Every structure is written in C-alpha cells, then in structure tokens.
Amino acid sequence: MNDSGSGAAAVAVLDVGKTNVKLSAFTADGAAVETLSVPNPVLPGPPWRHHDVTALSQWVFETLAALSRRHDLSAIVTAGHGSGGVLTGTDPDAGDGATLPMIDYEQSLPPDILDGYTPLAGSFLDRGSATMHGATHQARQLYWMEARQPDAFGKARWFLGLPQYWAWRLSGIAASEASFLGAQSHLWNVAERRWAPIVGARGWERLMPPFAKAWQTLGPIRPELVKRYGLPAEMRVLAGGHDSSLNHYRYHAAGLQDFTVISTGTWIVGFSRSTPIDRLDEHRGMTLNSDLFGNRLGGILTMGGREFSHIAGVDPPTDNAPPEVLVRLLAQRTIAAPSFGDDDGLFPGSAGSGRILGPEPKSAMERKTLALLYCALLTVECIETLSADRLVVLDGSFLRDPLYADVVAALLPDRKVCFNLDAYGVAAGAALLAGHETRKGPAPLTLSEPTRFGRLEPELLRYAADWRAVARTTATETNSGT
C-alpha cells in the first residue's frame with residue numbers, strides 16, 4: 001500500500017530527541033505524511049543513568065515494519081541530538097549492540113571525571129564549544145566509560161554517534177559523520193578537519209569508523225531484520241546526521257544562500273556559514289559546528305525555552321499576545337534582565353541573576369508577552385553576534401505566537417526576516433538527503449514574512465537598547481562580584 005501522496009517512493013525518518021523519538025514517513029521532497037512517536041526511556045543505572053536502547057530498538061523495528069506496510073519506503077535516515085553516542089561491539093544483533101549503556105548526558109559527572117577531563121579537552125577549536133553541563137560531550141562520555149569500566153571499554157569495537165548507531169543497527173555498516181562529530185562532541189576539530197588531540201592521546205582512533213557523507217547509502221536492511229520483522233529488503237540505509245545541521249541543510253537544499261537560521265524551542269540555536277572563526281566566543285554561547293559537507297558553521301545557542309518558562313510562569317495563556325499589551329510593557333519600561341536559569345547564555349556571569357525591572361506584570365498575559373519580548377531580544381542578540389547575513393530565517397516553537405517574529409523583524413530593520421511554520425524542519429531536512437545526489441532543482445519551501453509594527457518600531461528599538469545595556473551591566477557586575 002502506498003499513501004506517500006504522489007505514488008513516488010517515500011522516505012522513513014527516525015528523529016531521536018532527548019525526550020521523545022519520532023518515526024515518520026516523508027515524501028521525497030520533504031513533506032510529512034505520517035508520524036509516530038514514543039518517549040525516549042531512561043533507566044537509573046548502574047553503572048550510570050542511561051537510555052533504554054533495548055526497549056527502544058523493539059519499538060523502532062516494529063514501527064518501521066508497520067510504516068513500511070502503509071508506505072512504499074525506499075530509504076531510512078536518522079537525525080539525532082548532538083550529545084548522544086553508543087559504544088558498541090562487533091555484532092549489531094547482540095542485544096542492543098552496546099558494549100556499555102548509552103549515557104544520559106544530563107546527569108552530573110563524578111568530580112574526579114570532571115576534574116580529570118578538563119586538562120585533556122584541548123583548545124576551543126579542538127572542542128568546538130565551551131565545556132558544557134553534565135555529560136554533554138561525547139569525548140567526556142568516553143573518558144567516563146574508560147575510567148569506570150576499563151575491561152568492557154577495552155573490548156569495544158566502535159563508538160558511534162546516535163544517527164550512525166541506528167544506521168549500524170539497520171545495515172551492519174559502521175560510519176563516522178562530520179555534522180554529528182562537529183556538534184560539540186569534543187572529538188573532532190572542525191576547522192582543521194582532524195581528530196581532536198584527546199582521541200590520539202587516549203588511543204581512541206581504533207573506535208572511530210571511516211567517514212561517510214550524511215546522504216551516503218551504507219547498505220540495505222540487514223537480512224536478519226528483514227526476516228524477523230518483515231522489513232523491506234531493498235530499503236536503503238543512509239548514514240544520517242546531526243539534527244540542527246539537517247535543519248540547516250533543509251534551507252540549503254531549497255536554494256537559500258548567505259543566510260542565518262534561528263531555530264527555537266528549549267534552546268535557541270543559530271547557524272551561519274559566514275561567521276569568521278575569530279568572532280566565535282565560547283563564553284557567549286558560541287560554537288563551531290559542521291554542516292553536512294564538512295564545512296564550518298558558526299553557531300550560537302542559549303536556553304530560550306527555559307528562560308521563557310521562568311518569566312511566563314506555569315500554564316501561560318494559549319491565546320496570542322495582543323499588541324496593546326506589548327505597547328503597555330514598552331511604555332512602562334518593564335524589563336526582564338537575564339539570566340533566569342543556571343546557564344549564562346549570551347551574557348557571561350549572568351546565570352541566576354534574572355529579575356524584572358520596572359512595574360511587575362499584572363496578569364498572566366502580561367507575563368507571557370514579556371517572555372516573548374525577552375526571547376525575541378535574545379534572538380536578535382544571537383543574530384547580531386553571529387553574522388551580518390542579510391537574510392534571517394526563523395523556525396521552531398516560538399513562532400506559534402506571531403508577536404515573536406514581528407518583534408524580531410522590527411529590531412532588524414536592515415535585514416530580511418522570514419519564518420517557516422513547518423513543525424518538521426529537522427525531519428524534512430533528513431528526508432531530503434535521500435534525493436541529494438539526484439535532485440534537479442531547489443527543494444520546495446514556503447517562507448512567510450512578519451508584520452511590521454510601523455510607528456511602534458522606534459520605541460521597540462529604544463527599548464532594545466535599554467535592555468541590552470541592562471543585560472550587559474548585569475553580567476559585568478556579576479563577574480566583578482559587585
């Protein structure tokens with residue numbers, strides 16, 4: 001049966017997030033047809049808090065088989081968050097294939113692991129980011145595994161990023177991939193296209209398989225899975241890549257050039273190919289990532305979604321923020337000063353210093369509007385810090401309220417700001433990989449432009465200048481201990 005929309009073969013996309021896992025059928029031009037999801041299960045340990053990959057494997061294979069009966073699936077590709085990796089043996093059919101359980105990156109590190117890793121991590125270019133919270137970086141996960149489980153570690157064959165782990169389980173072929181290793185793994189120096197020094201110093205080269213392009217076919221589905229689950233024997237398994245890099249690729253595939261893309265959700269994530277290396281500042285949330293082609297991507301990230309929740313409070317109104325509430329907040333100079341969470345974000349030293357200046361919001365809608373205004377200001381700070389690209393594309397959850405894009409556009413009068421309301425950006429980019437080598441023209445993409453505020457724009461610009469001065473003063477005062 002084929003429900004892919006046009007009679008053409010469809011593409012299966014496995015999107016592995018930290019909290020949820022989605023398996024979808026897409027048309028070859030990146031349109032979602034069907035999506036199924038399941039929570040990404042986590043177990044408490046021992047030896048550390050870890051993802052239940054065994055339980056997830058059963059769901060992935062059974063759901064893929066069911067999906068293949070409803071759609072003519074020609075290929076499967078996996079997207080994954082950048083902080084997950086699996087240390088495996090030689091046999092993808094031996095349980096879940098893992099030699100040691102996959103570490104949950106949000107847990108705290110033991111003090112000796114934290115202290116021991118720091119001097120080994122190398123320069124900013126070797127790491128591609130600041131050293132972040134918990135067990136975020138794959139190099140740090142490997143260091144922890146090696147220190148605590150040396151016997152099992154010594155018997156391992158591969159260390160695979162999340163997308164490549166699932167590609168290996170499906171095809172039996174192990175691969176490394178540039179965009180995933182270039183997503184703050186601390187294993188790959190993107191600028192010089194070489195392994196970070198920690199890889200050689202610890203003898204980890206033996207764990208790193210040969211590189212493949214994200215769109216490269218590693219092989220067909222393994223015969224064992226075809227027989228056991230009824231999967232299509234001819235389905236191609238692609239190497240896959242990093243989720244945010246795949247979202248960036250979606251716009252590249254649509255023919256956009258010289259653009260900055262900002263994706264919003266728990267994190268505000270920005271990418272630009274034009275960011276000079278010497279502009280990157282690890283103390284302001286800036287990163288050095290890789291696109292799917294192995295080229296440098298300047299990056300920036302801050303926990304906008306968490307900041308929004310701190311300001312908006314629990315259960316904010318679902319109605320759109322009215323412009324008149326924004327006008328009132330601007331006029332009375334109610335300012336949310338960063339940062340409300342335990343992360344500095346864009347302003348070093350500001351963690352935990354977040355506060356409301358001026359008259360307090362009087363209603364739930366005022367709190368929501370203030371939170372949207374604050375996140376729009378964070379977004380503009382990300383864009384101006386990252387690049388001078390004239391074209392800016394916004395996507396993600398903040399766009400559910402039109403006020404967010406309207407404010408961003410008003411604060412960037414010299415740039416062209418567009419937004420994309422499609423909720424499947426990462427998966428759409430992944431699906432487009434299946435046609436990367438055969439696509440004849442730009443992939444379809446619908447972009448919209450925000451509404452301009454007209455006479456309110458000068459007032460917004462003055463408010464933004466005040467907010468930036470407050471934000472930077474807060475960070476300076478905190479760093480100096482005053």
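Two strands are counted as paired if DSSP finds at least two bridges between them. With that in hand, a good place to enter this predicted model is its open sheet, in which six strands follow the order β16-β17-β15-β14-β20-β21 with mixed pairing. The edges are formed by β16 (286-290) and β21 (416-420), each of which pairs on one side only. Direction ignored, neighbouring strands of the sheet are turned by 25° against each other on average.

Within the sheet, β14 (residues 259-264) runs parallel to β20 (residues 391-396), and six bridges join the pair. Here Ser263 of the model stands opposite Asp395 in β20. Helix α10 (residues 243-253) packs on this sheet. Its contacts take in β14, β15 (268-272), β16, β17 (296-302), β20 and β21, and the direction of α10 makes about 135° with that of β14.

Turning to the interior, the largest nonpolar core holds 84 residues, and the members that touch the most others are Trp204 and Leu394. Helix α13 (residues 364-386) is the biggest contributor to this core, giving 14 residues. Because domain 1 (9-244) and domain 2 (254-478) both supply residues, the core lies between them.

Leu394 is worth a look in the viewer. Leaving aside residues up to four places away in sequence, Leu394 touches Ile262, Thr379, Leu399, Tyr404, Ala405, Val408, Val417, Cys418, Phe419 and Asn420. A second core, separate from the one just described, has 40 residues, among them Met102, Ala167, Ala175 and Leu231.

Notes:
Residues numbered from 1 in each chain as written. Predicted model: local features only at pLDDT ≥ 70, side-chain atom pairs only at ≥ 80, totals over all residues. Heavy atoms only, no water. Core = buried A, V, L, I, M, F, W, Y, C linked by side-chain atoms within 4.5 Å. Buried < 20%, exposed > 50% of the residue type's maximum accessible area, 1.4 Å probe, protein only. Helix = DSSP H or I, 4+ residues; strand = E, 2+ residues; numbered from the N terminus. Domains from an automatic or database assignment. Contact = heavy atoms within 4.5 Å. Axes fitted to C-alpha atoms, helices over the stretch in contact; angles between N-to-C directions.
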